[in-house]
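Here's a quick briefing to read alongside the structure. Have the sequence handy as you go.

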Amino acid sequence: GNGFGSQSTRRVQFGLGDADVVEQVEIKWPSGKTQVFTNLKPNQIYTIMEDRDQPVDFMTGGRK
């Protein structure tokens, strides 16, 4: 493992420079399904699951 306590992380992190919006994220799942999310806020941690239509903000769990 590569994380705390030898557990591997499933997070993907990438730089956006000075962008104020993530224009598009495309995910190709092993099942063959493709999901596209647009206009996401930068500097957030999202939970994305194959069977959900929208990403969930990790910190709020989708609560507002």
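A quick definition before the hairpin comes up: strands here are DSSP runs of at least two residues marked E, numbered from the N terminus, and two of them pair if DSSP finds at least two bridges between them. Keep in mind that this is a predicted model. The protein has four strands and zero helices, so the definition of a strand covers every element in the β-β-β-β order that runs from the N terminus.

**The hairpin**
- Strands β1 (residues 22-28) and β2 (residues 34-40) run antiparallel, and six bridges join them.
- Across that pairing, Gln24 of β1 sits opposite Thr38 in β2.
- Five residues lie between the two strands of this hairpin.
- In the turn you'll find Gly32, with a positive phi of about 105 degrees.

**A patch on the surface**
- Which residues form a nonpolar patch on the surface? They are Val12, Phe14 and Leu16, and together they have about 310 Å² of accessible area.
- Val12 belongs to the segment before β1.
- Val12 counts as exposed because its relative accessible area is 69%, and the cut-off for exposed is over 50%.

**The whole chain**
- Just 16% of the 64 residues in the protein count as buried.
- The protein exposes about 5800 Å², with 47% of that supplied by carbon and sulfur atoms.
- Take the contacts between residues at least 6 apart in sequence: 4% of them join residues at least 24 apart.

Methods:
Residues numbered from 1 in each chain as written. Predicted model: local features only at pLDDT ≥ 70, side-chain atom pairs only at ≥ 80, totals over all residues. Heavy atoms only, no water. Buried < 20%, exposed > 50% of the residue type's maximum accessible area, 1.4 Å probe, protein only. Contact = heavy atoms within 4.5 Å. Areas by Shrake-Rupley, 256 points an atom, 1.4 Å probe, with all protein chains shown as cover. Patch = residues over 30% accessible without salt bridge, like charges linked within 9 Å, V, L, I, M, F, W, Y side chains within 5 Å. Salt bridge = Lys/Arg side-chain N within 4 Å of Asp/Glu carboxyl O.
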